[in-house]
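Work through the exercises below with the sequence and the model open. Try each task before reading its solution.

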Amino acid sequence: MRRIFNFRQRRQLWLAIIVFGFCCVMPARAGFSTTVPVTEASASNIAVSNFPLALALDQLRLLLTEPQVEFLTPTRIGIRVNFQAYDHRPEEGIALSETGLAMLSGRVAYDRQAREILLHDARLEELAFDRDTETARQFTGLLRSAWSEKVANPIRSALPPHPYLQPFKDNIDDILYDGSHISFVLMY
């Protein structure tokens, strides 16, 4: 009986079968991965790229500035911001403004398809106006109400356009947090 394949051809056939099998079970983003750790100070520096940030909440407007990232617990990060809350309606003779500090916290994650940073289980940890005035108390109530009614879970944010992220932003696969570092997981 004549052999259909010689030894070399059988070896090539088995190699092709093995490679095909690996291709079927490997994820679509096969390659190699690495992580880039980021400290609180670096995270704050990167976050600055998305600020100042203006938000409209009905008649109340917010201007958020000077973000500071803080590692709060092994699972939660915080971001502290200075803010100006104002209600400016000149046609009605209203021009109110107060400044203060706020901190929100959450569990950080990453949406690879949308290329957005996520903050799950977001909480308004702190909301303090610089002065104790009737306007500040009114704004506090409006802000807390807007937080509970309008803030989505998770909060989504575009990747900051920071020069540190530019070389690898298209390769970010995930963002992890271990309590002492935020790590960008990169796939190549």
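**Exercise 1. In this predicted model, what is the strand order of the open sheet of six strands, and which are the edge strands?**

Step 1. Trace the pairing. The order is β2-β3-β4-β5-β6-β7, and the pairing is antiparallel.
Step 2. Find the strands that pair on one side only. These are β2 (53-57) and β7 (155-158), the edge strands.
Step 3. Add the twist. From one strand to the next it averages 40°.

**Exercise 2. How many bridges join β5 to β6, and what is the bridge partner of R107?**

Step 1. Set the limits: β5 covers residues 94-111 and β6 covers residues 116-129.
Step 2. Count the bridges. Eleven join these antiparallel strands.
Step 3. Take R107 and look across to β6. Its bridge partner there is H120.

**Exercise 3. Which strands do helices α2 and α3 lie across?**

Step 1. Start with α2 (residues 40-47). It lies across β3 (60-71) and β4 (77-89). Its angle to β3 is about 155°.
Step 2. Move to α3 (residues 134-150). It lies across β2, β3, β4, β5, β6 and β7. It runs at about 155° to β6.

**Exercise 4. Does the span of α3 agree or disagree with 1.5 Å a residue, and where do its buried residues lie?**

Step 1. Work out the expected span. With 17 residues at 1.5 Å a residue, α3 should span 24 Å.
Step 2. Compare. The end C-alpha atoms of α3 are 24 Å apart, so the two agree.
Step 3. List the buried residues of α3: T135, A136, F139, L143 and A146.
Step 4. Check their directions. They cover an arc of only 90° around the axis, so they sit on the same side of α3.
Step 5. Ask what they meet. The buried residues of α3 pack against β2, β3, β4, β5 and β6.
Step 6. Turn to the face away from the buried side. E134, S148 and E149 are exposed there.

**Exercise 5. How many residues lie between β8 and β9 in their hairpin, and which residues does I182 touch?**

Step 1. Define the pair. β8 (residues 172-177) and β9 (residues 182-187) run antiparallel, joined by five bridges. One partnership is L176 with S183 in β9.
Step 2. Inspect the turn. Four residues separate the strands, and G179 has a positive phi of about 100°.
Step 3. Go to the largest nonpolar core, which has 34 residues. F83, I172, I182 and F184 touch the most other members.
Step 4. List the contacts of I182, leaving out residues up to four places away in sequence. They are V36, P37, V38, A43, F71, I77, I175, L176 and Y177.
Step 5. Recall the general trend. In soluble globular proteins, nonpolar side chains tend to be buried together.

Methods. Residues numbered from 1 in each chain as written. Predicted model: local features only at pLDDT ≥ 70, side-chain atom pairs only at ≥ 80, totals over all residues. Heavy atoms only, no water. Pairing = 2+ DSSP bridges. Helix = DSSP H or I, 4+ residues; strand = E, 2+ residues; numbered from the N terminus. Core = buried A, V, L, I, M, F, W, Y, C linked by side-chain atoms within 4.5 Å. Buried < 20%, exposed > 50% of the residue type's maximum accessible area, 1.4 Å probe, protein only. Contact = heavy atoms within 4.5 Å. Axes fitted to C-alpha atoms, helices over the stretch in contact; angles between N-to-C directions. Expected span 1.5 Å × (residues − 1). Arc of directions from axis to C-beta.
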